[in-house]
Amino acid sequence: MLFALPATREFGAAVAQSAGVELGTLEARSFAGAVRDAGASGVCAIAPYLAYSRKDRRTKARDPANSRYVAQLIEAVGIDHVLSVEVHNPAAFDNAFRISADHLTTTALFARHFARRLAQGMAAVVSPDLGGGKRAQLLREALELHLGRAVDFGVVEKRRSQGVVSGHQLMGELAGRAVVIIDDLISTGTTLQRAARACREAGATAVYVGATHALFTSGSEALLRDPLIDEIAVTDCVPIHPQAIAAAGERLVVLPASTLVGEAVRCLEGHGSLTQLLELQ
């Protein structure tokens, strides 16, 4: 059976439609473990956006490792399997859990979308920080397959200490190229704005932003209205606030990650191989 909690009811309905299953009804209260207590033989938690996962390692003495604490909470209520989408750090995600945990990536989804934007002229994929370099490289490779030509790569220097972001150097040749900046999420948007500005100063002819999780927290209005950015593509993994939609207007495009999660649900039901789905991404 497939259930969706109140905050993700709309996304859950889309996943159910994609998977060809009925979305179950439930009464939601502030308790945990109820499905297991009701006799379920197994419980899979589908958490498209795994909150607190950005704090996945200690950068200073006595720092918390929040991703590990979240994993311990999930395991404590009797969940057997966790399925998430585009986690911040795949290695930290794998190491945090003692139960089965799988990570779906949106690389193919963004590659299909941005291939249409990059059909003509030179192109490049940029990571807004060194930590996201692997994600950007995977998108670059997928775009090369779609476009049938080479796509350049760049990365922007970023340092964060006590909440303050610094660093401005850009590595890569971007002059005369349409650029896609790819990240796992958008919070305030400061990181992506800095990257967009660096790309324009380096001679980029167009700047597109892609991020799976559209949190759009306080302060993101500046990113949504930034004239240096031609388009912001996100997914439906997180409900998007109406104010964000109004601020960005037609420059905001929402891609359906619910289709990807729906296919994973079908695999979990035995109508396909989750291993093959993960390998095809």
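Begin by selecting helix α7, residues 190-201, where Thr191, Leu192, Gln193, Arg194, Ala195, Ala196, Ala198 and Cys199 are buried, a word that here means under 20% relative accessible area, with exposed over 50% and partly exposed in between, for a 1.4 Å probe and protein chains only. What is shown is a predicted model, in which local features need pLDDT of at least 70 and side-chain atom pairs count only at pLDDT 80 or more, while totals for chains, interfaces and linings use all residues. Residues are numbered from 1 along each chain as its sequence is written, and side-chain values use heavy atoms, with hydrogens and water left out.

Stay on α7 and display its end C-alpha atoms, which are 17 Å apart, in agreement with the 16 Å that its 12 residues should span at 1.5 Å a residue; the expected span is 1.5 Å times one less than the number of residues. Helices (H or I, at least four residues) and strands (E, at least two) are DSSP runs, numbered from the N terminus. Next, select Gly203, which follows α7 and has a positive phi, near 100°.

Move now to the strands. Select β4 (residues 123-127) together with β5 (residues 152-156), which pair in the parallel sense over 4 bridges; two strands pair if DSSP finds at least two bridges between them. Between these two strands the chain passes through helix α6 (residues 133-147), and this β-α-β crossover is right-handed, a label given if, with the strands pointing away from the viewer, the path from the first strand over the helix to the second runs clockwise. To look at one bridge in detail, pick Val126, whose partner in β5 is Gly154. Then add strand β8 (residues 170-171), which pairs with β5 in the antiparallel sense over 2 bridges, and find Leu170 in β8 as the bridge partner of Val156.

The last stop is the aromatic rings, among which a search of the whole structure finds 3 pairs; rings of Phe, Tyr and Trp (its six-membered ring) pair if their centres lie within 6.5 Å, and planes under 30 degrees apart count as stacked, over 60 as edge-to-face and the rest as tilted. Select Phe93 and Phe97, whose ring centres are 5.3 Å apart with planes at 65°, so the pair is edge-to-face. Phe93 counts as buried at 4% relative accessibility, and Phe97 does at 8%. Then select Phe110 and Phe114, where the centres are 6.0 Å apart and the planes at 15°, so this pair is stacked. Both residues lie in helix α5 (residues 107-117), 4 residues apart, about one turn of the helix, and both are buried. Finally, add Tyr208, which ring pairs link with Phe110 and Phe114 into a cluster.
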